[in-house]
Amino acid sequence: SWVLSFIAKFEPWFNENRMVFFDEYTNHSITHVEEVLQTTVDLMTEGALIKMTPQDAAALIIGVCLHDSAMHLSEDGFFSLIKANSNWNKIEFFDSKSWNQLWVEFLGEARRFDGRKLLSLFGDTTPIKMPPENPIDLTKRDRLLIGEFLRRHHARLAHEIALYGVPSVDGTAYKLNYELDNSELFNLSGAIARSHGLALRKCVDYLKQEKALRDFQGIHAVYLMVLLRIADYLQIQERRAPSEVLMIRKLTSPISQSEWKVHHCVRNITLADEDPEAIYIDVAPDDVHTFLRVKQWLNGIQIELDMSCAILG
């Protein structure tokens, strides 16, 4: 009932899929959520599947749904989030600054972006200007800037959306959780969502503080965090960046252009290799830049696997 209640509120919002601040990103629709969830199941051993509880399944589903939910924030939601008395409060263990403080500091940093940083984000070297406060006046450049801010902090916002709701119109929140008796479930689900953007050991320390490290009401949060991290890393299939889209539109950001190229060079990802504990990834990059980006991505997966294995042990 927890999951069904959550999905009934989550799906109408998420399915709108406007992503006004991430117009040039690869697919982050409900399809991405479903593929991440399927990959978490594919990564489990038979023994783990047998031991998985209904509470594990509930926390994993909600966590996967929320992990990139900040990317679906509307213009009104963003301005509600960063206002001085925002309802989205910091979680003391993780955060020391409010959203308003983070935004002010980010704008100060953005005004000092050098030519290389500006070129990577916007495709030119025009200095940053303060975005207007009226959503109707936002330009594409303003939205790309706000998108960079949200990208940095989207894992934090996923946790706060689980607890406080989706930032909406005029400071209001669209609540995804109305029931009072499952606040622990939503906190742990939010922490699982948040964990994909943090060092895993930091998340382990948080679970220790919450007295939820090994097992809390049937939820084995560390294992679920590991599944989400690896599954999300593996979502680099070509279908997330369809080449047909590039025939009808041009990507402004060189970073986005690079990421789309990486997706296009992936030929196959499979667990059906000679080594039963290995993930086989077949890529064919067309240029040196894409090759180096793919190599960085593969190294990142290996580091995540090694760290996850150590922490589970």
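How do the axes of α11 and helix α13 cross, and within what distance do they come? I will start there, and I should say at once that what we are looking at is a predicted model. The axes of α11 and α13, the latter covering residues 288-312, come within 10 Å and cross at roughly 170°. That angle makes α11 roughly antiparallel to α13, because anything over 145 degrees is counted that way. On the α11 side the contact is made by V222, Y223, V226, R229, I230 and Y233, and on the α13 side by W297, G300, I301, E304, L305, S308, I311 and L312. Sorted by class, this contact of α11 with α13 has 10 nonpolar, 2 polar and 2 charged residues.

Let me stay for a moment with one of these residues, Y223, which sits in helix α11. Y223 is partly exposed, with a relative accessible area of 26%. If we leave aside its neighbours within four places in sequence, Y223 is in contact with M44, T45, A48 and L312. The C-alpha atoms of Y223 and S308 are separated by 8.7 Å, although these two residues are 85 residues apart along the chain.

Now let me step back to the whole chain. The protein chain has 13 helices and 4 strands, and of its 313 residues, 47% count as buried. Among contacts between residues at least 6 apart in sequence, 72% join residues at least 24 apart. The chain exposes about 16,000 Å², and carbon and sulfur atoms supply 53% of that area.

The next element I would like you to find is helix α5, residues 75-82. Of its 8 residues, 7 are buried, so α5 is largely enclosed by the rest of the structure. Those buried residues are E75, G77, F78, F79, S80, L81 and I82. And which elements cover them? The cover includes α6, which spans 99-110, together with α8 and β1, the strand at 166-167.

Two of those covering elements, α6 and α8, also pack against each other. Their axes come within 11 Å and cross at roughly 155°, and α6 and α8 are therefore roughly antiparallel to each other. In handedness, α6 passes α8 in a right-handed crossing. From α6, the residues that take part are W99, L102, W103, F106, L107, E109 and A110, and they meet L145, I146, E148, F149, R152, H153, R156, L157 and E160 in α8. The residues of this contact divide into 10 nonpolar, 1 polar and 5 charged.

Helix α8, residues 140-164, has a further partner in helix α9, residues 183-195, and here the axes come within 8 Å and cross at roughly 165°. That makes α8 roughly antiparallel to α9, and α8 passes α9 in a right-handed crossing. The residues A155, R156, A158, H159, A162 and L163 in α8 meet F186, N187, G190, A191, A193 and R194 in α9. By class, this contact has 7 nonpolar, 3 polar and 2 charged residues. You may notice that R156 of α8 is listed both in the contact with α6 and in the contact with α9.

From α9 we can move to the loop between β2 and α9, which is where L176 is placed. Is L176 buried or exposed? At 2% relative accessibility, L176 counts as buried. Not counting residues up to four places away in sequence, L176 touches F6, K9, F10, L66, I161, V166 and F186. As for the last of these, F186, the C-alpha atoms of L176 and F186 are separated by 9.5 Å, and the two are 10 residues apart along the chain.

I will finish with two loop residues and their backbone angles. D170 has a positive phi of about 55° although it is not a glycine, and D170 lies in the loop between β1 and β2, the latter at 173-174. D170 is exposed, with a relative accessible area of 70%. For K211, phi is near 55°, which is again a positive value in a residue other than glycine. K211 lies in the loop between α10, residues 200-209, and α11, residues 221-233, and K211 is exposed, with a relative accessible area of 66%. That brings us back to α11, the helix whose axis crosses that of α13 at roughly 170°.

Methods:
Residues numbered from 1 in each chain as written. Predicted model: local features only at pLDDT ≥ 70, side-chain atom pairs only at ≥ 80, totals over all residues. Heavy atoms only, no water. Axes fitted to C-alpha atoms, helices over the stretch in contact; angles between N-to-C directions. Parallel < 35°, antiparallel > 145°, perpendicular 65-115°, else oblique. Left-handed = near helix turned anticlockwise from the far one by under 90°. Contact = heavy atoms within 4.5 Å. Nonpolar A, V, L, I, M, F, W, Y, C, P; charged D, E, K, R; others polar. Buried < 20%, exposed > 50% of the residue type's maximum accessible area, 1.4 Å probe, protein only. Areas by Shrake-Rupley, 256 points an atom, 1.4 Å probe, with all protein chains shown as cover.
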